[in-house]
Amino acid sequence: MNKQKQFGLSFEFFPPKTPEQKVILLDTQEKLRKLNPDFFSVTFGAGGSTITATAETVLELKTHETPKVIPHLSCMGGTPQEIEDLLNQYIQHGITDILALRGDVPSGMGSVGYFRYANELIEFIHEKYPNTFNITVGCYPEIHPETESFESEIKYFKQKVDAGVNRAITQFFFNPDAYFNYVDHCEKAGIDTPITPGIMPITNFSNIKRFCGFCGTDMPRWLQYKLQSYGDDRKSIQQFGTEFTIKLCQQLLDQGVPGIHFYTLNRAKATLDVVEALQ
Ligand code: FAD
């Protein structure tokens with residue numbers, strides 16, 4: 001039996017911006033692909049990366065015997081024609097999985113895209129390419145920062161799923177109850193798409209706190225104080241962060257989640273340590 005296939009795994013990368021970052025990503029994917037993941041995914045426009053960077057990174061990864069690679073595509077992807085051009089390019093390379101998002105406006109881009117919400121982008125993709133793409137979407141157990149209420153969160157998520165979705169991946173969270181509560185409400189609302197928890201291993205206090213502020217992720221006070229107590233001792237933060245992430249994933253796996261998606265930030269070590277402990 002392949003011991004590394006006990007639960008579904010996927011790893012998210014962002015397009016490298018420099019030759020040095022590219023070397024790091026290639027090294028990271030090589031280490032992580034040994035864990036036999038179901039897929040890698042590559043972000044779109046996040047953190048100010050250019051629109052062509054995702055496709056370039058996806059195609060580069062595909063030359064390295066990687067697992068399936070899923071490009072993210074956001075409504076910031078330009079005009080419908082530009083989005084079609086990109087999708088045609090993916091089809092030519094045998095890529096028929098997309099992670100479709102509204103997206104965050106990248107710094108310097110200034111305007112929002114042609115489509116207002118992810119569901120409009122999904123409808124467009126299915127209309128232009130019937131029965132072609134498998135669509136994954138994002139979802140928010142702790143409520144997207146722009147959503148006015150928990151009920152609206154579920155309502156808009158359902159609208160997105162009804163547009164034709166195969167899988168959802170959550171924003172990262174630290175509190176497993178938030179995930180279970182959300183999944184429960186989704187089921188009651190008739191949403192039957194698998195909801196994979198998205199997990200960001202803790203490796204650095206200031207960065208993760210900044211991401212939390214941006215993404216609306218709740219960092220429990222005890223966790224903040226604990227991480228703060230290590231000061232500049234990065235080794236201890238990483239050690240504690242890995243132990244915390246292992247426990248979180250174990251709680252999720254014990255309840256039978258469909259898999260785990262890791263926000264790797266293009267680094268292998270923390271994710272490797274967590275997955276190897278779980279296996
Ligand atoms: P939507 O589902 O469109 O929702 C956006 C907001 O609008 C929500 O507040 C929602 O409640 C509200 N809303 C939705 N529909 C309606 C409606 N009909 N009327 C009124 N309000 C509505 N960002 C990037 O830029 N690039 C990436 O590669 C990227 N990858 C991600 C991967 C995952 C797994 C996740 C969870 C997030 C990712 N993000 C990425 C972040 C994401 O783009 C942002 O969170 C963005 O603000 C919302 O995108 P969405 O597709 O979830 O939006």
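## Notes on a predicted model with a ligand

1. **A side-chain contact from lysine.** The side chain of K160 has an N or O atom 2.7 Å from an oxygen atom of the ligand. The protein covers 89% of the ligand's accessible area, which is 980 Å² for the ligand on its own. Keep in mind that this is a predicted model.

2. **Two further contacts.** H144 also reaches the ligand through its side chain. An N or O atom there is 2.7 Å from a ligand oxygen atom. G103 uses its backbone instead: a backbone N or O atom lies 3.1 Å from an oxygen atom of the ligand. Find K160, H144 and G103 in the view before reading on.

3. **The shell around the ligand.** How many residues surround the ligand? There are 22. F44, R102, Y140, H144 and T147 come nearest. H144 therefore appears twice in these notes: it is among the nearest residues, and its side chain makes a contact at 2.7 Å, within the 3.5 Å cut-off for a polar contact. By class, the shell has nine nonpolar, nine polar and four charged residues. Helix α5, residues 150-162, gives the shell at least two residues. So does strand β6, residues 167-172.

4. **One cavity.** The model has one cavity of 30 Å³ or more. Its volume is about 50 Å³. The lining includes a run from Y140 through P141, E142 and I143 to H144. Q171, F172 and F173 also line the cavity, as do C215, G216 and T217. Six lining residues are nonpolar, four are polar and one is charged. Two names return here. Y140 and H144 line the cavity, and both are among the residues that come nearest the ligand.

5. **The second largest pocket.** This pocket holds about 190 Å³ of space. Its lining has 13 residues. P15, P16, A53, E56 and T57 lie nearest the centre. Which helix gives the most to the lining? It is α2, with five residues. Helix α2 spans residues 51-62, and α1 spans 19-33; each supplies at least two lining residues. The lining divides into six nonpolar, three polar and four charged residues.

6. **P15, a pocket residue in a loop.** P15 sits in the loop between β1, residues 9-13, and α1. Is P15 buried or exposed? Its relative accessible area is 1%, so P15 is buried, the cut-off being under 20%. P15 is also one of the residues nearest the centre of the second largest pocket. Measure across to A168 in your viewer: the two are 153 residues apart in sequence, and their C-alpha atoms are 21 Å apart in space.

7. **Two positive phi values.** E65 has phi near 50 degrees, a positive value in a residue other than glycine. N266 has phi near 65 degrees, and this too is a positive value in a residue other than glycine. Both lie in loops. E65 is in the loop between α2 and β3, residues 68-74. N266 is in the loop between β8, residues 260-263, and α10, residues 269-278. Their surroundings are another matter. E65 is exposed, at 70% relative accessible area, whereas N266 is buried, at 3%.

8. **Sequence gap and distance in space.** Start with F39, in strand β2, residues 39-42. F39 is buried, with a relative accessible area of 4%. V69 is 30 residues away along the chain, yet the C-alpha atoms of F39 and V69 are separated by 5.6 Å. Now take I195, in strand β7, residues 195-199. I195 is buried as well, at 5% relative accessibility. I195 and Y225 are also 30 residues apart in sequence, but their C-alpha atoms are 30 Å apart. One sequence gap, then, goes with 5.6 Å in one pair and 30 Å in the other.

9. **A helix example.** C212 lies in helix α7, residues 205-215. At 7% relative accessibility, C212 counts as buried, because the limit is under 20%. G241 is 29 residues from C212 along the chain, and 15 Å separate their C-alpha atoms.

Notes. Residues are numbered from 1 along each chain as its sequence is written. This is a predicted model: local features need pLDDT of at least 70, side-chain atom pairs count only at pLDDT 80 or more; totals for chains, interfaces and linings use all residues. Side-chain values use heavy atoms; hydrogens and water are left out. On a 1 Å grid over the protein atoms alone, a cavity is a set of points where a 1.4 Å probe fits but cannot get out, and a pocket is an open set with protein on both sides within 12 Å along at least five of seven lines; lining residues have an atom within 4 Å of a point. Grid points are joined across faces, edges and corners, and a volume is the space filled by probe spheres set on the points. Helices (H or I, at least four residues) and strands (E, at least two) are DSSP runs, numbered from the N terminus. Ala, Val, Leu, Ile, Met, Phe, Trp, Tyr, Cys and Pro count as nonpolar, Asp, Glu, Lys and Arg as charged, and the others, Gly among them, as polar. A residue is near a molecule or strand if one of its heavy atoms lies within 4 Å of it. A polar contact is a pair of N or O atoms within 3.5 Å; within protein, one must be able to donate a hydrogen and the other to accept it, and residues adjacent in sequence count only if both atoms are side-chain atoms. Accessible areas come from the Shrake-Rupley method with a 1.4 Å probe; for residues, only the protein chains shown count as cover. Buried means under 20% relative accessible area, exposed over 50%, partly exposed in between (1.4 Å probe, protein chains only).
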